[in-house]
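Trainee: I would like a close look at one part of this model: the aromatic side chains and what sits around them. Please take the cysteines along as well.

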Amino acid sequence: MGDRIMIFDTTLRDGEQAPGCSMNTREKLEMARQLARLKVDVIEAGFAIASEDDFEAVKTIAQNVRGGPIIASLCRTRDIDIDRAWEALKYADRPRIHIFIATSEIHITYKLKSTQEEVLQAAVTAVKYARRYTDDVEFSPEDAHRSEQDYLCKVVEEVIKAGATTINIPDTVGYGLPWEFGARIKNLFDRVPNIDKAVISCHCHNDLGLAVASSLEAIRNGARQIECTINGIGERAGNASLEEIVMALRTRKDLLDFETGINTEEIYRSSKLLTSIIGIPVQPNKAIVGANAFAHEAGVHQHGMLQKPLTYEIMTPESVGVPQSRLVLGKHSGRHAFKKRLEELGVMLPEDALNRAFTRFKIVADKKKEVFDDDLLAIVEEEALAAGETYTLEYLQFTSGINIVPTATVRLRRENEIFQESGWGDGPVDAAYKAIDQITKVQGRLADYSIRAITAGKDALGEVVLKLEVNGHTVIGRGTSTDVIEASVRAYLNAINKIVGAARPPKDMAAPRGL
């Protein structure tokens, strides 16, 4: 058995920083629970000082994701950051404080307006301060790849002396070529005398499309922790993709004799859940989790696959949790069969969520001849991620056509109260949205709207994902139905519920986002 590689997932921190990828606390917790099922070693839950919302997310995850992964929070080299991080992390079974400061000359001069000596002192002082709270302290010299290498070696040596147990080497702007980045890691092992007292990690960005390759080179040169994200989301072009790194190590053990603790059969489910939360699908040709990753259209490919799958598939779909059985259940199926099929797909729901999902399934099954695995996953994800519903849809009627004014009547329930309004607009969706606005008194701007068929067929389940801006705060709404107008209304109502259900929109503090 080869050396063990720790997987540090930063989907909820670096990934969530990317435009359009923000998540609320409920969504972060659901994603963190899935990451625990995936068996990542570390979950970086957020940047606790950045906002009240980030703090609550880190705290909630620390309180609820127990007995599995380490829970980490990012900090600057400031006491206030470290104190705030610990306030959230102290509930975790295995907390980690992750400290960063830039070490490249361009960052020190233009961003920090500081000197190398001041940065070194700040790093050492911060690590010592964090050790007052926990023995698990990670340090990251931001923009390490572009840092002067003699200085980088000095910083690494001193922070290890100060008590850092993990040293992360970021290629913050994705500048390095793989062999070049690997040489940076080797240089540290050759020149830092106490390097054996810490785990060496890497955090590569994908600006040149090389984040995964550089991460693999780091492993070959001694790194034993890789920082990555589901679907490769992250700042700018994203981070190294967790699924690509893990499956490269698993598939090419002939050249990369390393192990991870990842339950690879949860990869596809993790990817789908993230897509549902942030409303950004992966491209069809995305490695491992893309829609075409295990699809074959060319005749010669199909012939080869029929003779022996290994001719064109270097891994099985089942190994990453891609469902193979398509037609699953119908309108005559019972709750037991529904629950069993979800378990086969790796989905375990508490009783109340199962009951809600089953109710939605029966509604969908009445409208569709065939209910597919992807339909089931969409139903479950919508129920699991539903905001605490202030308003629920009771009734929807609309009229539309050529040479008539589109109108819609919407009836909503809020606890024991019923509200009904009608609206008109450019189309039935616009009319329904205006009716909802009248009821809820929420005036927002529709910033983005997309619709797609989840499965094939004329009766396919349609999924609508939209972005609603209210008072400078953007939320994602998601809805599914065989009727695209109903799906659109459910998505809009999902976003409205997130707005009215929140105590207040989070206000970001002036904190750098890091790495």
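**Aromatic pairs and cysteines**

Mentor: Start with Phe419. At 22% relative accessibility, Phe419 counts as partly exposed, because the cut-off for buried is under 20%. Keep in mind that this is a predicted model.

Now its partner. Phe419 pairs with Tyr391, and the arrangement is edge-to-face because the planes stand at 70 degrees, with the ring centres 6.4 Å apart. Tyr391 sits in the loop between helix 15 (373-384) and strand 13 (392-399). Phe419 belongs to strand 15 (residues 417-424). The pair therefore ties together parts that are 28 residues apart in sequence. Tyr391 itself is buried, at 5% relative accessibility. So one ring of this pair is buried, while Phe419 is partly exposed.

Widen the view. The whole structure holds 8 aromatic pairs. Another one joins Phe47 and Phe100. Their ring centres are 6.1 Å apart, the planes make 75 degrees, and the pair is edge-to-face. Phe47 lies in the loop between strand 3 (42-46) and helix 3 (52-64). Phe100 lies in strand 5 (residues 95-102). This contact ties together parts that are 53 residues apart in sequence. Here both rings are buried: Phe47 has 0% relative accessibility, and Phe100 has a relative accessible area of 4%.

Rings also group. Trp86, Tyr129 and Tyr133 make up one aromatic cluster.

Next, charges over rings. Arg84 lies over the face of Phe55, at 3.6 Å from the ring centre. Arg411 lies over the face of Tyr395, and there the figure is 4.6 Å from the ring centre.

Now the cysteines. How many disulfides does a search of the whole structure find? The count is 0. Cys21 is in no disulfide, and its nearest cysteine sulfur, that of Cys228, is 16 Å away. A disulfide needs the two sulfur atoms within 2.5 Å, so Cys21 and Cys228 do not qualify at 16 Å. Cys153 is in no disulfide either; the nearest cysteine sulfur belongs to Cys202 and is 16 Å away. Are these two cysteines buried or exposed? Cys21 is buried, at 4% relative accessibility. Cys153 is buried too, at 6% relative accessibility.

To close, return to the starting pair. Tyr391 and Phe419 meet edge-to-face, with Tyr391 in a loop and Phe419 in a strand.

Notes. Residues are numbered from 1 along each chain as its sequence is written. This is a predicted model: local features need pLDDT of at least 70, side-chain atom pairs count only at pLDDT 80 or more; totals for chains, interfaces and linings use all residues. Side-chain values use heavy atoms; hydrogens and water are left out. Buried means under 20% relative accessible area, exposed over 50%, partly exposed in between (1.4 Å probe, protein chains only). Rings of Phe, Tyr and Trp (its six-membered ring) pair if their centres lie within 6.5 Å; planes under 30 degrees apart count as stacked, over 60 as edge-to-face and the rest as tilted. Helices (H or I, at least four residues) and strands (E, at least two) are DSSP runs, numbered from the N terminus. A charge sits over a ring if NZ of Lys or CZ of Arg is within 6 Å of the ring centre and within 35 degrees of the ring normal.
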